[in-house]
Amino acid sequence: PLPPDHGTFGPLACMIHYADVYLAKMSPRATRPALAVNVAARELYVHAGGAENPYVGAIIKEMGLFPPGTYVKLANGDTAVVTRKGATANAPLVHSLISSDGWVFPDAKLRDTTKGEYKVVATVPRDNSNFCASAFCNLSKINTTSFTAHCCHCWPSTTFIFSIPLP
């Protein structure tokens with residue numbers, strides 16, 4: 001952590017430091033698995049001075065509790081990917097990729113996480129190999145609204161194309 005007196009460092013250095021700490025918490029290490037993004041955000045907030053630290057507050061406010069790219073489980077059982085921060089930190093803009101019964105949607109379904117049935121109830125760890133959407137590798141952009149994803153575990157020879165309409 002930075003010293004209590006942030007004045008000895010420039011604002012950009014402080015912001016980079018805390019962003020690096022946040023990202024490091026979400027990355028696996030030899031001694032621990034990756035933390036879920038909401039747990040990483042909470043730990044960063046608590047251990048870096050909470051509301052008294054303007055840099056941490058700005059990072060969490062900008063990224064939300066579920067940064068873009070985070071896989072989440074919705075109340076209806078769907079698995080979705082966060083595409084943007086939402087109106088509130090706990091209600092991001094998401095697109096469902098997999099239904100509650102395991103079917104992959106050919107076109108990602110926009111879900112309103114402010115509604116009870118689509119509320120985010122959990123994050124899906126990226127290192128959970130029992131879950132297909134978290135195992136996608138080689139994610140690549142086709143155009144401004146479509147991505148291809150190759151599943152490394154369940155469907156090794158299959159390419160999925162997800163269409164995510166951008167607002």
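Five strands make up an open sheet here, ordered β4-β3-β2-β1-β5, with antiparallel pairing. The model is a predicted one, so it is worth keeping that in mind as you read along. A search of the whole structure also turns up three salt bridges, and helix α3 has a buried side that is covered by elements including α1 and α2. Here is a walk through these features, topic by topic.

**The sheet as a whole**

- The edges of the sheet are held by β4 and β5 (120-123), each of which pairs on one side only.
- Direction ignored, neighbouring strands of this sheet are turned by 40° against each other on average.

**Strand pairs, one by one**

- Strand β3 (residues 91-98) runs antiparallel to β4, and five bridges join the two.
- Within this pairing, L93 has D112 of β4 as its bridge partner.
- Strands β1 and β2 are also antiparallel, joined by three bridges.
- Here K73 stands opposite T79 in β2.
- β1 and β2 form a hairpin, with four residues between the strands.
- In the turn of that hairpin, G77 has a positive phi of about 100°.
- On the way to the β5 edge, β1 and β5 pair over three bridges, again in the antiparallel sense.
- V72 stands opposite T123 in β5.

**T113, in the loop after β4**

- T113 sits in the loop between β4 and β5.
- Is T113 buried or exposed? T113 has a relative accessible area of 6%, and because buried means under 20%, T113 counts as buried.
- A polar atom of the T113 side chain lies 2.7 Å from the backbone oxygen of P92.
- Leaving aside neighbours within four places in sequence, T113 is in contact with L74, A91, P92, V94, Y118, K119 and V120.

**Helix α3 and its two sides**

- Which residues of α3 are buried? They are Y55, V56, I59 and I60.
- Seen down the axis of α3, these buried residues fall within an arc of 125°, so they line one face of the helix.
- The cover over the buried residues of α3 includes α1 and α2.
- On the other side of α3, you will find P54, K61 and E62 exposed.
- At the N-terminal end, N53 caps α3, with a side-chain oxygen 2.9 Å from the backbone nitrogen of Y55.
- Just after α3 comes G64, with a positive phi of about 75°.

**Salt bridge between E43 and K25**

- The side chains of E43 and K25 meet in a salt bridge, at 3.3 Å from N to O.
- This pair links distant parts of the chain, 18 residues apart: E43 belongs to helix α2 (residues 37-47) and K25 to helix α1 (residues 11-25).
- E43 is partly exposed, at a relative accessible area of 28%, whereas K25 counts as buried at 16% relative accessibility.

**Salt bridge between E62 and K85**

- E62, one of the exposed residues of α3, forms a salt bridge with K85, and their closest N and O atoms are 3.7 Å apart.
- Why does this pair tie together parts that are 23 residues apart in sequence? E62 lies in helix α3 (residues 54-63), while K85 lies in strand β2 (residues 79-88).
- E62 has a relative accessible area of 53% and is exposed, whereas K85 is partly exposed at 40%.

**Salt bridge between R111 and D78**

- R111 and D78 join their side chains in a salt bridge, at 2.9 Å from N to O.
- R111 is in strand β4 (residues 104-112) and D78 is in the loop between β1 (71-74) and β2, so the pair ties together parts that are 33 residues apart in sequence.
- Are the two partners buried or exposed? Both R111 and D78 are buried.

Methods:
Residues numbered from 1 in each chain as written. Predicted model: local features only at pLDDT ≥ 70, side-chain atom pairs only at ≥ 80, totals over all residues. Heavy atoms only, no water. Salt bridge = Lys/Arg side-chain N within 4 Å of Asp/Glu carboxyl O. Buried < 20%, exposed > 50% of the residue type's maximum accessible area, 1.4 Å probe, protein only. Arc of directions from axis to C-beta. Contact = heavy atoms within 4.5 Å. Polar contact = N/O pair within 3.5 Å; in protein donor to acceptor, adjacent residues only side chain to side chain. Pairing = 2+ DSSP bridges. Axes fitted to C-alpha atoms, helices over the stretch in contact; angles between N-to-C directions.
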